[in-house]
Structures are given as C-alpha cells and as structure tokens.
Amino acid sequence: MSPRTVSVVNMKGGVGKSTTVACLAETLAAEGGLRVLVIDLDPQSNVSMMLAGQDRWIELRNGRRTIDDYFDQYVYGGEPRFFREFIAPGVSDIAGELTLDLLISTPEFRNIERHAMEKWIRQGFDMQQLAQRFSRLTHSAIESVADSYDLVLFDCPPGMSMFAEAAIGLSEFIVIPTIPDYVSRLGIFAFRKRAIRAMEQRRFTEDRIWTLITKFEAASSLHVSEAALLKDQFNVFETVIPQTEHIARAAEWSDVKRSIDRKYAGAAPVIRRLAAEFRERVGLI
Ligand SMILES: Nc1ncnc2c1ncn2[C@@H]1O[C@H](COP(=O)(O)OP(=O)(O)OP(=O)(O)O)[C@@H](O)[C@H]1O
Ligand SMILES: [Mg+2]
C-alpha cells in the first residue's frame, strides 16, 4: 500500500512547521507503530537537526546522503544512486522500537534550485517544464520507497520553493501550522489559494487542507479571538498547540534515548492528542 503523504507548510516563518513534523513523526512512530519517513526540504535543516542530532547530521552530510546529493545527480549528472540510499534509517532520540527514517537537508540545498534553473533554462526549458521536472523527480523518489512507509511527511521551508511546490503537488494532505494573530491569518488566505489549486489538479477537494493553531497563549485575548476566527473560516485541528517551553526544549537533541513523556514533559498529552487527531484525519487507523 502507498504511504499517506503530507506537506507541512506555511509561507510564514517560525510558526512551528518543523516542530509539528518532528512531534508527529516521533509520536506516530514510537507509540502508533507507524513507519514514518521525514523529508527535510528546508536548507535551514531544522527538522534534520531535531531528528538526527548534529553528529549524525555531519556524518550523513560527509557520506553524501542528503537531499542535495539526491537532486545533485540530476542537476550535475553525477553517478546515479537510488533514492533509498540517501535516507538515514532509525533517527530520533526517542527510546524503543520505531521506524522513523529521515532525508536530511543542508544549507547547500539552497543552491541546487538555482543551479538547476540556470542549467535547465539554458537547455530551453520554461518555468512550467522546470516545475514539472522537479515534481516528477520527487514523485518517482517517493514511489521508489512507497512499500517501506505508512506516512511520508515533508517539512517545507518558509516562503516557497520548487521543492515545496513539488511536495504540495504530490501530497494528499496539507497541514498549515499558524500562530493565531491577524497577520498570520491574512497569510493563510494567500497561501490557501495555491494549496487549493494544487489539490484541484488531482481532483481533491479543499477539505484536505488543514490549519493547526500553534504557539497559542490562552492569556492573550488576541489569540483567543483569532483562534475563534480561524475555526470559523478554515478547517482547523481540534487540538491546539500551546506556547510552552516544553516544546521548545524538546527540539534539542539528547544523546541519551528518552520516552515521549520525558522528551515533551508537560506537553506530551497535547502532542499525543495531536497525533491521534492527525492519524484519524489522514485515515491511518
Ligand atoms: N508550541 C511551541 N511553544 C514554544 N516554542 C515553540 C513552539 N513551537 C515551536 N517553538 C519554537 O519556535 C521556533 C520556531 O519553530 P519551528 O522551527 O518549528 O518553526 P518553523 O515554522 O519550522 O520555522 P521556519 O519557518 O524557520 O522553518 C523554534 O525555536 C521552536 O523550538
Ligand atoms: Mg522549519
């Protein structure tokens, strides 16, 4: 069976995209028994660091097992290697038996898109053909490992990139984490149009696009009123992620393996609620 594919994306930065990907991946792999693959599409490499830790990240980078190296072979024509060979198996500092694999990103990933564009445009491709090419490459990569996973999560960079477009174009579901404030809500309107178009191309309806309220401060009347507006206007997760140090601290890698309760401490229950709701929404029950 093919895995469920989900992009976590928002044009806005710092809204908790990478954190959402890491929490969902760890909880669903460790406690839900799902086989999860995380693909880091952001040159900032935040989710790579969260899930692999710096030492492993350096090791993978030196071993040329990064998303840049995967696309590099198509842009520069290096020796072809299977997509599977680029994936780091068994990441995360959560203890226990879990299948959580990761394709890391590095800061150099920033350059690939530009180089690919320069090269392919010189060869006579137009922008649409370029986008199709990225999209085909991403699609065939995921197809090649489809049997190994129940869930593939794409962590998208802020803003937009060809890779993020490709991920959205192949994902069955889109999660848009957002902080409940006015500016963020405006941003969602703009981004949703794009997401809806991507869904419609595959005859999917917009009920596959979900907003997740993050960094919620219950004591802020602005957050309370904006969260209510978001719930009125969009398809919003019942689970709301509070602003809490427990979540910010959990981002730091631990060399000692730990349980979900240890890692997420006071935030563990809300992370579990999110994972359960997500699982139901994507139909992995
Ligand atoms: N619920 C939360 N409570 C407290 N801190 C949080 C929460 N969610 C995320 N953070 C912190 O906020 C910062 C931004 O989070 P994160 O990196 O997940 O956002 P992002 O949307 O992926 O950012 P970018 O757009 O740069 O990729 C990080 O330092 C993270 O640890
Ligand atoms: Mg991020």
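## Exercises on a predicted model

In this predicted model, Leu37 of strand S2 has Val152 as its bridge partner in S4.

**Exercise 1.** Place strand S2 among its neighbours: which strands does S2 pair with, and in which sense?

*Solution.*
- Start with S4. S2 and S4 run parallel, joined by five bridges. The pair Leu37 and Val152 belongs here.
- Go on to S3 (residues 100-103). S2 pairs with S3 over four bridges, in the parallel sense. Ile39 stands opposite Leu103 there.
- Now sort the side chains. Val36, Val38 and Asp40 point one way, Leu37 and Ile39 the other, and all are buried.
- Conclude. Five of the five residues of S2 (36-40) are buried, so the strand is largely enclosed by the rest of the structure.

**Exercise 2.** Find which residues of helix H5 are buried and which exposed residues the opposite face carries.

*Solution.*
- Check the geometry. H5 (residues 127-144) has 18 residues and reaches 26 Å between its first and last C-alpha, close to the expected 26 Å.
- List the buried residues: Phe134, Thr138, Ala141 and Ile142. They span an arc of only 95 degrees around the axis, which puts them on the same side of H5.
- Recall the helix rule. With 3.6 residues a turn, residues three or four places apart point the same way.
- Turn to the face away from the buried side. Exposed Gln128, Ser140, Glu143 and Ser144 sit there.
- Name the cover. It includes S1 (4-8), H3 (67-75), S4 (151-155) and H6 (162-170).

**Exercise 3.** Describe the shell around ligand 1: how many residues surround it?

*Solution.*
- Count: 19 residues, the closest being Gly13, Lys17, Ser18, Thr19 and Pro158.
- Assign elements. H1 (17-30) and H9 (245-250) each give two or more residues. H1 gives the most, with three.
- Classify: six nonpolar, 10 polar and three charged.

How values were computed: Residues numbered from 1 in each chain as written. Chains lettered and ligands numbered in written order. Predicted model: local features only at pLDDT ≥ 70, side-chain atom pairs only at ≥ 80, totals over all residues. Expected span 1.5 Å × (residues − 1). Buried ≥ 20, exposed ≤ 12 C-beta atoms within 10 Å, placed from the backbone. Arc of directions from axis to C-beta. Contact = placed C-beta atoms within 7 Å. Near = placed C-beta within 6 Å. Nonpolar A, V, L, I, M, F, W, Y, C, P; charged D, E, K, R; others polar. Pairing = 2+ DSSP bridges.
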